[in-house]
Amino acid sequence: MQEILLVLCAYCLGSIPTSVWVSKGFFGIDIRDYGSGNAGATNTFRILGPRWGSFVMICDVLKGFFSVKLAALLPEFNSDIALLNMQLILGIAAVIGHIFPVWADFKGGKGVATLFGLVIGISPWTALACSGVFLLVLYLTRFVSLSSILASVAFPVFILVIFNVDNHIYRGFAVTVALLVILTHQKNIGRIIKGGESKVPIFKKRDRRRQKDQDS
């Protein structure tokens, strides 16, 4: 019974629609009516700017992180594998809550930031490595969607090859995450290929400097 209650708590925590509450509370709009129509950090970056986009991203990451940590409220586990599996269940419940939030008509984001929080809570070194991939791609392209896709693809590579985590469920989870992120970003991939994907408003000074160098 305790496990079920904690899973429900994790789902409710993941359901907190940060971007929707921010857009309605501070700007009088629903973020889902603008841009990609997505209630995630990427669309918040585009519509409300980097300050609020960063705030939403941090909050969404924390939802995944604290959901995983709810496992500490349960009695001691008989093995590390049992603990990891429970953490995965709680983290996945938070991600489902983010995608289908009970507090926002079940219309949320894609869950990438909350997934990242899950990974931080379980294996911080893997999260750090994936962050490096994300930030490098973001710096080079300013596409949050492409950064998320490549970071998620790097996730199973780190789990299976680099860190060689000895848990088949976690391995399967990592591969599934990569496939799901690719699947949920099909429209973004199409827009990137066609040159229609929006870039987030960061690194503008760098881009202006590059353009100036090209013109001179």
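Start with the order of elements: colour the chain by secondary structure and, from the N terminus on, the run reads α-α-α-α-α-α-α-α-α-α-α. That is 11 helices and zero strands. Helices here are DSSP runs of H or I with at least four residues, strands are runs of E with at least two, and the numbering goes from the N terminus.

Before you click further, know that this is a predicted model, where local features need pLDDT of at least 70 and side-chain atom pairs count only at pLDDT 80 or more, while totals for chains, interfaces and linings use all residues. Residues are numbered from 1 along each chain as its sequence is written, and side-chain values use heavy atoms, with hydrogens and water left out.

**Zoom out: the whole chain**

Show C-alpha atoms alone. Along the principal axes they fill a box of roughly 65 × 45 × 25 Å. The radius of gyration is 18 Å, which agrees with the value near 17 Å for a compact globule of 216 residues. That radius is taken over C-alpha atoms, and the globule rule is 2.2 Å times the number of residues to the power 0.38.

Now switch on the surface. About 11700 Å² is accessible, and 67% of that belongs to carbon and sulfur atoms; the areas come from the Shrake-Rupley method with a 1.4 Å probe, and for residues only the protein chains shown count as cover. Buried residues make up 46% of the 216. On this scale, buried means under 20% relative accessible area, exposed over 50%, and partly exposed in between (1.4 Å probe, protein chains only).

Contacts (heavy atoms within 4.5 Å) come next. Take those between residues at least 6 apart in sequence: 62% of them join residues at least 24 apart.

**Stop 1: the core**

Select Leu-115, Leu-118, Ile-122, Phe-155, Tyr-170 and Phe-173. These have the most contacts inside the largest nonpolar core, which has 21 residues. Helices α5 (80-99), α6 (112-122), α7 (124-141), α8 (144-162) and α9 (168-184) each supply at least two residues of this core. A nonpolar core, by the way, is a set of buried Ala, Val, Leu, Ile, Met, Phe, Trp, Tyr and Cys residues joined through side-chain atoms within 4.5 Å.

Which residues does Phe-173 touch, not counting residues up to four places away in sequence? Expand the selection and you should find Leu-88, Ile-92, Leu-115, Leu-118 and Phe-155.

**Stop 2: helix α2**

Select residues 18-27. In this helix, Thr-18, Ser-19, Val-20, Val-22 and Ser-23 are buried. The cover over the buried residues of α2 includes α3 (41-48) and α4 (50-69).

Pick Ser-19 for a closer look: it is buried, with a relative accessible area of 1%. Leaving aside neighbours within four places in sequence, Ser-19 is in contact with Ile-31, Ala-39, Gly-40, Thr-44 and Val-56. Then step just past the end of α2 to Gly-28, which takes a positive phi of about 70 degrees.

**Stop 3: Arg-46 on α3**

Arg-46 sits in helix α3. With a relative accessible area of 21%, Arg-46 is partly exposed. Setting aside neighbours within four places in sequence, Arg-46 is in contact with Ser-36, Asn-188, Glu-197 and Ser-198. Try the distance tool on Arg-46 and Ile-99: they are 53 residues apart in sequence and 19 Å apart in space, C-alpha to C-alpha.

**Stop 4: the loop between α5 and α6**

Phe-100 is found in this loop. At 44% relative accessibility, Phe-100 counts as partly exposed. Beyond four places in sequence, Phe-100 touches Tyr-11, Ser-15 and Phe-106. The C-alpha atoms of Phe-100 and Lys-110, 10 residues apart along the chain, are separated by 9.3 Å.

Asp-105 is in the loop between α5 and α6 too. Most residues other than glycine have a negative phi. For Asp-105, phi is positive, near 60 degrees. Is Asp-105 buried or exposed? Exposed, at 59% relative accessibility.

**Stop 5: the loop between α7 and α8**

Go to Arg-142 in this loop. Arg-142 is not a glycine, yet has a positive phi of about 65 degrees. At 12% relative accessibility, Arg-142 counts as buried.

**Last stop: Ile-4**

Finish in helix α1 (residues 2-14), where you'll find Ile-4. Ile-4 counts as exposed, at 51% relative accessibility. Ile-4 and Leu-138 are 134 residues apart in sequence and 38 Å apart in space, C-alpha to C-alpha.
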